[in-house]
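Biologist: Got a minute to walk me through this one? Please keep it short.
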Amino acid sequence: MKAHGIVHKYGDNVDTDVIIPARYLNTADMQELAKHCMEDIDTEFAGRVKKGDIMVAKANFGCGSSREHAPASIKASGISCVIAKSFARIFYRNSINIGLPIIECDEAADRIDAGDEVEIDFDTGVITNITKSESYQGQSFPEFLINIINSNGLLNSLK
Amino acid sequence: MGMTMTQKILAAHAGLDEVKAGQLIMADLDLVLGNDVTSPVAINEFNKAGFDSIFSRDKITMVMDHFTPNKDIKAAAQCKQCREFAGQYGIKNYFDVGDMGIEHALLPEKGLVAPGDCVIGADSHTCTYGALGAFSTGVGSTDMCAGMAKGKDWFKVPSAIKFNITGKLPKYSAAKDVILHIIGMIGVDGALYKSMEFSGEGLKNLTMEDRLCMANMAIEAGAKNGIFAVDEVTLDYIKDKVTKEYKIYEADADAEYDAVYDIDLSQIKPTVAFPHLPENARTFDEIGDVEIDQVVIGSCTNGRIEDIRAAAEILRGRHVADRVRCIIIPATQKVYLTAMKEGLLEIFINAGCAVSTPTCGPCLGGHMGILAKGERAVATTNRNFVGRMGHPESEVYLASPYVAAASAVTGRISQPSDIM
């Protein structure tokens, strides 16, 4: 499985309140929430994002609330993968549970800039920066989590 | 090699003699929690997955606390969905307007969490119950759904950071100052994926409400859970609340920790976390003159009776500054009633405060005290992220009830010694 798209780049400690502000959480309609994804730090994201695009950030991405609306609205906005140096733990497990691919990679988080064209091979964890002609080795998942991902999420894996 | 307190609880709930940090396990759950924002997502997933039964009527709890009393039509629809689901499946511990409270204040008060329990909640501040010596962690709605259906969930066994507590807090220093100090010291990802384990001879000087406040904010350091050693204070708190059987776990003497910090309570000063991260902790020698527009005293962090009493101690016979709004939100109906009986509500109203029924409301920018562009609030809540309490260009300063109440009186960030 591969992802391929244009990068939207953010910094450290991107919290769930800016990914999807709580003032919109009176609905669980993820397509509706996608319209407001990232708007408190990037008002143009929802209008700019294209299906398949990739989000890249630095450390502790998704800190704060447990709201699954955060990874779900990122997924619903069309993002195919989030790369960061590290993820806040609830965001990490929510992403796995709902099937939003995420990869931890320091080098990719440092080297990739907004607008770069990037391809990710989930089987090998290799991240290729087509714009800069570079590649980086991302961390792959342990087998236990690959089984959840391959079952298309936690609920299917429990059936 | 020995195990930490958290590792022992997880091993027992996974049916294993031993677990190691990094190990992935499936564990049995003693309690599954959701609120009016996260439960609807879990219910949608439950129905979509085709589940038709829940694992226990006693071990699932739903608390309508975030956007209640319903702030708008959409919020009303979300509560209605939870109410109907709880009715359909006979969920016993469903709490709605009139008997609800803010979930993390309510559940300990109702005796629903006991030492040694393994608890998940679709709310990040579920780590609060570590105060009772339980393993308790925030998860997402899909986890909540799996928990409701199967009574189990997956965990990566965490390593731990130990905080050795000594001494006693000075007058007007609070548990909130301790946890803000710790987050300032280790950072918002200082305990990422880890447990924060609190023990030491100073624990006896922290009340259960102090511990609930500190464990509540473990997530603000990125922790999987915060957990306190069980002692006389714990047992005294639960004795007339918890009716189920429980087991007390202690960390092994040879348990390994990633780091050990000594925290001397007697050195803790009133502390304020500046925008826009809880790690931006400053004591008053670093604060200067900061004018404010609003004060919020409440939340799952600081809405318990001792917090309300602390605020009343400062506001008694004083008045909120001109052009400042002070909103006081007792966290549960029981806290509200106790505050009323003790005459505290009268003190607040005479001081020019608004007193609200329990709700998470303004903490997450829901309702009941939203900030306009450029406004500043001192709040006893737990997060000061961009836009957390309203407009993306508003600011939230986190503090104890003492500091929040003193700031309401002066109209600028102040400590009790400025006015007492």
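Modeller: Sure. One definition before the counts: helices (H or I, at least four residues) and strands (E, at least two) are DSSP runs, numbered from the N terminus. Also, this is a predicted model.

Biologist: Fine. How many helices and strands does chain B have?
Modeller: Chain B has 13 helices and 18 strands.

Biologist: What radius of gyration does chain B have?
Modeller: The value is 20 Å. For 420 residues, a compact globule would be near 22 Å, so the two agree. The C-alpha atoms fill a box of roughly 60 × 50 × 40 Å along the principal axes.

Biologist: And how much of chain B counts as buried?
Modeller: 60% of its 420 residues. Take the contacts in chain B between residues at least 6 apart in sequence: 77% of them join residues at least 24 apart.

Biologist: Switching to chain A. What is its secondary structure?
Modeller: Eight helices and seven strands. Its radius of gyration is 15 Å, close to the 15 Å that the globule rule gives for 159 residues, so chain A is as compact as a globular protein of that length.

Biologist: What box do its C-alpha atoms fill?
Modeller: Roughly 45 × 40 × 25 Å for chain A, again along the principal axes. Of its 159 residues, 51% count as buried.

Biologist: Now the interface. How many residues of each chain are in contact?
Modeller: 41 residues of chain B are in contact with 36 of chain A.

Biologist: Which elements of chain B give two or more residues to that side?
Modeller: α2 (39-49), α3 (73-89) and α5 (141-150) of chain B. The largest share comes from α5(B), with six residues.

Biologist: What's the make-up by class?
Modeller: On the side of chain B that touches chain A, 19 residues are nonpolar, 12 polar and 10 charged.

Biologist: New topic: α10 of chain B. Why call that helix largely enclosed?
Modeller: Because eight of its 11 residues, in the run 305-315, are buried. The cut-off for buried is 20 or more other C-beta atoms within 10 Å of the residue's own.

Biologist: Which ones are buried?
Modeller: In α10(B), they are B:Ile305, B:Asp307, B:Ile308, B:Ala310, B:Ala311, B:Ala312, B:Ile314 and B:Leu315.

Biologist: What covers them?
Modeller: The cover over the buried residues of α10(B) includes β14 (294-297), α9 (299-302), β15 (325-328), α11 (333-341), α12 (344-350) and α13 (401-410), from chain B.

Biologist: Last one. Which residue just after α10(B) takes a positive phi?
Modeller: B:Gly317, with a phi of about 75°.

Terms used
Residues numbered from 1 in each chain as written. Chains lettered and ligands numbered in written order. Predicted model: local features only at pLDDT ≥ 70, side-chain atom pairs only at ≥ 80, totals over all residues. Rg over C-alpha atoms; globule rule 2.2 N^0.38 Å. Buried ≥ 20, exposed ≤ 12 C-beta atoms within 10 Å, placed from the backbone. Contact = placed C-beta atoms within 7 Å. Nonpolar A, V, L, I, M, F, W, Y, C, P; charged D, E, K, R; others polar.
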